[in-house]
Amino acid sequence: MIYVSDLSDFERPFFEAAIEFLPTIKKAEIKRISHEHSKNESVLAWVLLKFVLSDYGSEIFERLRFTERGKPYFSDGKPYFNLSHSGNKVCVAISDSNEIGIDIQKESNFSPNMIKRVFSDNERNSVDFFGGNNRFFTKLWAVKESFLKYTGAGISVDLKSIDFSKELNQSVFIKNNLYYSTFEIDDYFISACTKENDRQSIKAVPAIELINYVKNNGCGCKGEY
């Protein structure tokens, strides 16, 4: 399941309170982020994760670990999860059965140099066939990133070597025994990569649910937000 929330639905007091609610292992790192929007993206993503995993109990985050390349996981495996944010949206993917990678991308302009650096010749030709606009490049970028986040490889992999030209116009597909589910929400693309036959769906989490969750779970905050 993929859970999505929108940054623009929250006020500054929420983020100031919620940062104290984050897992200890992430709190200091996120506090050091100087750019306010980037910090708020991270805060909301981790609050959303805690919210959707609340049935597991808060002690589950005592098992939170990170790979050498920064991918978060729980020391005994399940539940598998991944986080992503772009623009004003954050998302969290959860699976009880399979490793999962998630990426969300707000549609943006790709420079000619970036297009040549990131996308294969076949992918560029496919985008040209479907109209040559940034919408398809954004979708490809999200799909590639979801694969990298599934593997935990990060940007160490040559993105041009991961070719999705034949899948450009598909919303759900299997490639190399991995299952991809893609979604379009307004001007955002979401891609989830997991093992075969683990199709994903999306659930929007209203701001009020996260606000009440933080308020009711000992954040130590005061005031209205």
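What percentage of the 225 residues in the chain is buried? In this predicted model, buried residues make up 49% of the chain, where a residue counts as buried if its relative accessible area is under 20%. The accessible surface of the chain comes to about 11300 Å², and carbon and sulfur atoms account for 45% of that area.

The overall dimensions give a frame for what follows. Along its principal axes the C-alpha trace spans about 55 × 35 × 30 Å. A compact globule of 225 residues would have a radius of gyration near 17 Å, and because the chain has 18 Å, its value agrees with that expectation. Of the contacts in the chain with a separation of 6 or more, 60% are between residues 24 or more positions apart. The secondary structure consists of 7 helices and 10 strands, and several of these elements can be followed through two sheets.

One open sheet has 4 strands in the order S4-S5-S1-S10, and its pairing is mixed. Strand S4 (80–86) and strand S10 (202–204) stand at the edges, and because each has a single partner strand, one side of each is left without a neighbour in the sheet. From one strand to the next, the twist in this sheet averages 20°. Within the sheet, strand S1 (residues 2–6) pairs with strand S5 (residues 89–95) in the antiparallel sense, over 5 bridges, and Tyr3 stands opposite Val92 in S5. Helix H3 (residues 36–52) packs on this sheet, where it touches S1, S4 and S5, and the direction of H3 makes about 35° with that of S5.

Helix H3 also has a helical partner. Two packed helices are described by the angle between their axes and the distance between the axes. For H3 and helix H7 (residues 207–215), the angle is about 80° and the axes are 10 Å apart, which means that H3 is roughly perpendicular to H7, since angles of 65 to 115 degrees count as such. On the H3 side, Leu44, Val47, Leu48, Lys50 and Phe51 take part in the meeting of the two helices, while H7 contributes Glu209, Leu210, Tyr213 and Val214.

The other open sheet is also built from 4 strands, here in the order S6-S9-S8-S7, with antiparallel pairing. Its edge strands are strand S6 (100–106) and S7, each of which pairs on one side only, and the twist averages 20° from one strand to the next.

How many bridges join strand S7 to strand S8? Strand S7 (residues 172–175) and strand S8 (residues 178–185) run antiparallel and are joined by 4 bridges. Among the paired residues, Val172 has Ser181 in S8 as its bridge partner, and Ile174 has Tyr179 in S8. These two strands form a hairpin with 2 residues between them, and in the turn Asn176 has a positive phi of about 55°.

This second sheet, too, is accompanied by a helix. Helix H6 (residues 134–151) lies across S6, S7, S8 and strand S9 (188–195), and H6 runs at about 155° to S6. A reader tracing the model can therefore place H3 against S1, S4 and S5 of the mixed sheet, and then follow H6 across the strands of the antiparallel sheet.

How values were computed
Residues are numbered from 1 along each chain as its sequence is written. This is a predicted model: local features need pLDDT of at least 70, side-chain atom pairs count only at pLDDT 80 or more; totals for chains, interfaces and linings use all residues. Side-chain values use heavy atoms; hydrogens and water are left out. Two strands pair if DSSP finds at least two bridges between them. Axes are lines fitted to C-alpha atoms, for helices over the stretch in contact, and angles run from 0 to 180 degrees between N-to-C directions. Contact means heavy atoms within 4.5 Å. The radius of gyration is taken over C-alpha atoms; the globule rule is 2.2 Å times the number of residues to the power 0.38. Buried means under 20% relative accessible area, exposed over 50%, partly exposed in between (1.4 Å probe, protein chains only). Accessible areas come from the Shrake-Rupley method with a 1.4 Å probe; for residues, only the protein chains shown count as cover. Angles under 35 degrees count as roughly parallel, over 145 as roughly antiparallel, 65 to 115 as roughly perpendicular and the rest as oblique.
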